[in-house]
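Trainee: Could you take me through one part of this model closely, namely the pairing of charged side chains, and then set that part in its surroundings?

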Amino acid sequence: MSSRSAKTLPQEIIIDILLRLPVKSLCRFRCVSKPWLALINDPHFVTSHLRHNNTHKLILASHSLYSVNHEATPIDEEVVAVKLDFPLKSIPRNDQVQIFGSCNGLLCIMPVPKVFFLFNPATREAKRIPEFQLTSLNYSSIHGFGYSEVIDDYKLVKVIVPSIVCVFSLRTGSWRRVKDCHYLYPVGASGTPLNGAIHWVLTRPGDGVANVVVAAFDLVEEVFKDISLPEALRDFGLFSLATGVLGGCLCVLHHHGDLRREFWVMKEYGVEKSWTKVLMQQPYHVLRPLCMWKNCKMLLAVNEQQLVLCNRRDGSCKDFVVFDMPLLFDADIYVESLVSPNYGNRN
């Protein structure tokens, strides 16, 4: 559609057409004219496009970042991992790129130690997050990235073990220290964003595993709230657990330790009785739930080296073949969107 023909169409029809287009096309159409540039960059258009868009892709993190169109039909075409350009890609690294969360098309990544970026893989835009200065402290820390629709803000949360909590707001572009937490030590991986909160499995002060809980950091109130684990998990000794999301539901799964064949899904958020065990025939040490594939099977990353489709009815698993995939990787899901990491700079 040329800019000349667009002038003959009502504005609402132009917007309706553009809302149906993929991000790649819209990025090109920014060059058509200044009015189109202003329209496509308009925050209301960006939000509307995000609501209309259902294009999700896998992101694989190794020594590089890879995008996978997992929604392509393997029968019709090969599914291939495509290397992405990303911040500091050219710097040699011994460790893999780390992902600390995916929200509305924005990823929080750490391409080199202690350097964080917000990165949109679809538009290739990136923003470096300033370092939080606590020069007197050199303790270990855990991180999580999430979004709250209530306050329309993206936040990176840093918990410095054992109790200091710091929050970076994309809207304000700054860090601040909030109320300390009271957990002894983290158990498991990076935080999981869901329902305006970031979730970790953490340990409350005291003896025994009964004090292991899902700690949800509310991005509006900026405080932790506990969610009880499934009752069956409280009978285990000290072992590692991690959180995840599958089909919009909070998950708890074993992380390292002995081989396992199950994980847990909270069907109704915050309701302890809604925890449901999901069985799978393939054992795992490390598991990352990704999404419901074709609305019928679970797509899972197993042991940081394999993608599998798991039938929820009988737990049977089969390989999800992706060509040019790295040997070892972390995985997550992102939606293709126009959301900019320079989100806080809007008028």
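**Charged pairs and their setting**

Mentor: Arginine 177 and aspartate 180 are paired in a salt bridge, with 3.3 Å between the closest N and O atoms, and since this is a predicted model, that distance should be read as a computed one. Neither partner is buried: arginine 177 is partly exposed at 44% relative accessibility, and aspartate 180 is likewise partly exposed, at 28%. Side chains of opposite charge can pair when their charged atoms come close, and the count of salt bridges in this model comes to 10.

One of these deserves a slower look, namely the pair formed by the side chains of glutamate 222 and arginine 176, where the N to O distance is 2.2 Å. Glutamate 222 belongs to the loop between S14 and S15, whereas arginine 176 sits in strand S11 (residues 174-178), so this salt bridge ties together parts that are 46 residues apart in sequence. The two ends of the pair differ in their surroundings, because glutamate 222 has a relative accessible area of 8% and is buried, while arginine 176, with a relative accessible area of 48%, is partly exposed. The pair also has a further partner, in that Lys155, Arg176 and Glu222 are linked in a network of salt bridges.

The backbone at glutamate 222 also merits attention, since this residue has a positive phi of about 55° although it is not a glycine. The loop that holds glutamate 222 runs between strand S14 (212-218) and strand S15 (223-227). Asparagine 303, another residue that is not a glycine, also has a positive phi of about 55°, and asparagine 303 lies in the loop between strand S19 (297-302) and strand S20 (306-311). Asparagine 303, however, is partly exposed, with a relative accessible area of 22%.

A further salt bridge joins arginine 288 to aspartate 330, the closest N and O atoms being 3.0 Å apart. Here the partners come from two strands, arginine 288 from strand S18 (residues 275-293) and aspartate 330 from strand S22, so the pair ties together parts that are 42 residues apart in sequence. Aspartate 330 counts as buried, at 17% relative accessibility.

Glutamate 262 makes a useful contrast, for although it is buried, it has no salt bridge, and the nearest side chain of opposite charge, that of arginine 260, is 4.7 Å away. That distance falls outside the rule, because a salt bridge needs a side-chain nitrogen of Lys or Arg within 4 Å of a carboxyl oxygen of Asp or Glu. What glutamate 262 does have is a polar contact of 3.2 Å between its side chain and that of histidine 254. Glutamate 262 is part of strand S17 (residues 249-266), and, leaving aside neighbours within four places in sequence, its contacts are His254, Lys277, Val278, Leu279, Met280 and Tyr284.

Strand S22, where aspartate 330 lies, leads us on to the helices, for the buried residues of H5 pack against strand S22 (330-335) as well as H2, helix H3 (23-29) and H4. Within helix H5 (residues 43-52), the buried residues are Phe45, Val46, His49 and Leu50, and they lie on the same side of H5 because they cover an arc of only 135° around the axis. Exposed residues His44 and Arg51 are carried on the face of H5 turned away from that buried side. At the start of H5, a side-chain oxygen of aspartate 42 comes to within 2.9 Å of the backbone nitrogen of histidine 44.

The two helices H2 and H4, both among the packing partners of H5, show buried faces of their own. Trp36, Leu39 and Ile40 are buried in helix H4 (residues 34-41), and they are on the same side of H4 because their arc around the axis is only 90°. In helix H2 (residues 11-19) the buried residues are Ile14, Leu18 and Leu19, which fall within an arc of 130° seen down the axis of H2, so they line one face of the helix.

As for covalent links between cysteines, the structure holds zero disulfides. Cysteine 27, for instance, is 9.2 Å from the nearest cysteine sulfur, which belongs to cysteine 31.

For the wider setting, the protein chain has five helices and 22 strands, and 49% of its 347 residues count as buried.

Note on methods: Residues are numbered from 1 along each chain as its sequence is written. This is a predicted model: local features need pLDDT of at least 70, side-chain atom pairs count only at pLDDT 80 or more; totals for chains, interfaces and linings use all residues. Side-chain values use heavy atoms; hydrogens and water are left out. Helices (H or I, at least four residues) and strands (E, at least two) are DSSP runs, numbered from the N terminus. Buried means under 20% relative accessible area, exposed over 50%, partly exposed in between (1.4 Å probe, protein chains only). Lys and Arg count as positive and Asp and Glu as negative; His and the chain ends are not counted. A polar contact is a pair of N or O atoms within 3.5 Å; within protein, one must be able to donate a hydrogen and the other to accept it, and residues adjacent in sequence count only if both atoms are side-chain atoms. Contact means heavy atoms within 4.5 Å. A disulfide is a pair of cysteine sulfur atoms within 2.5 Å. The arc is that of the directions from the helix axis to the C-beta atoms.
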